[in-house]
Amino acid sequence: MPSRATDARRAGSQGLPQIHTLQAGRQRLHVLPSLGGALAGWEWQRERQWLPLLRPWSADPAALYATACFPLLPWSNRITGGGFDFDGKHYPLVPNRLGEPYPIHGDSWRQAWTITAQAEDRMTLELESDRYDGNPYVYRARQLLTLRENALEIELRVTNTGTETLPYGLGLHPYFLRDAQTRLQFRSRGVWLSGPDRIPTSFTRQLPAGWDYNRPATLEDKLIDNCFEGWDGLAMIEDPTRGLRLQMHTTDRSGYVLMFRPVKQAFFCLEPVTHPIDAFHRPKRPGLIDLAPGEDMVLLTRFSVCEIAQEEPRARPASASAAR
């Protein structure tokens, strides 16, 4: 990633979105306000080397899913039925990503955010959205990014600035690095199984083989693109190849976390969210919050890092493409 002194110049000369960099202690955070308010990278310093803690941005401004992390609002994941019904009215939504039959992850990732405050170790981003792409949502979103001691904290807030009460949801979409030695652990009581279109069909407490992360387990297995339920808000990732341990903790107690584990890729996603996939069409709309005009909701997530003993890397299969 560019240094703070060269961010603006390099971005402009290459026709890329400008990267803004925060730094505190052994951490650097690279932010892309104009590219969906996404992160281009989060890095950890070891001696004179900067190690990526999340998958670095691909530097392709057209690939909005190729960043290190981006916010999800005013809903997370997919919505079926061409929209949703609420309070006796139908609200249409259109697909918003090439190759996806359903609208996905809200609309904030497709809009430019604005920096409203910045210091060496923190930044506030805001977005005013008014029925973007014809959807019914009018809202103000805010991200407060803060580098604390050995940690990144992201406070995501949305306020309904429209004239109608509507159901809202929040989430984050971080991309974590992995290899054959990476271990992941998070608690859950079950998972929503899905059909070929990745829309949930049934809930089970019997986790399929290779899907149980209640104990530390590897990430080398078949595709997962599913919502786990009963999550306690804590996840641990051990990366012995690089000698790092990451922890993700959200104070939200919705109990939902989305996992995307592609096949033969050097990353996976574990997304803290406030509601399950297609909650708009489930009884009682689990996890969604009906916000009246002027009301807001918040998701606070903390990513922390520490050093562990390094191990020699093992060989892994050649990578294959996977869209997310």
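Contact here means heavy atoms within 4.5 Å. By that criterion, and leaving aside neighbours within four places in sequence, D130 is in contact with Y137 and V138 in this predicted model.

D130 belongs to strand β9, which covers residues 122–130. Its relative accessibility is 52%, so D130 counts as exposed, the cut-off for that class being over 50%. The side chain of D130 also takes part in a polar contact of 3.0 Å, with the side chain of R131 as its partner. Turning to the backbone, the C-alpha atom of D130 lies 8.8 Å from that of T161, a residue 31 places away along the chain.

A second acidic residue, E153, offers a useful companion view. E153 sits in strand β11, made up of residues 151–160. Is E153 buried or exposed? With a relative accessible area of 16%, E153 is buried, because the class takes in values under 20%.

The side chain of E153 has polar contacts with two arginine side chains: one with R148 at 3.2 Å, and another with R302 at 3.3 Å. Both arginines also appear among the residues that E153 touches once its neighbours within four places in sequence are set aside. Besides R148 and R302, that list holds L144, L145 and T146, together with L300 and T301.

Taken together, the two residues can be read side by side: D130 in strand β9 is exposed and pairs with R131 through side chains, whereas E153 in strand β11 is buried and has side-chain polar contacts with R148 and R302.

Notes: Residues numbered from 1 in each chain as written. Predicted model: local features only at pLDDT ≥ 70, side-chain atom pairs only at ≥ 80, totals over all residues. Heavy atoms only, no water. Helix = DSSP H or I, 4+ residues; strand = E, 2+ residues; numbered from the N terminus. Buried < 20%, exposed > 50% of the residue type's maximum accessible area, 1.4 Å probe, protein only. Polar contact = N/O pair within 3.5 Å; in protein donor to acceptor, adjacent residues only side chain to side chain.
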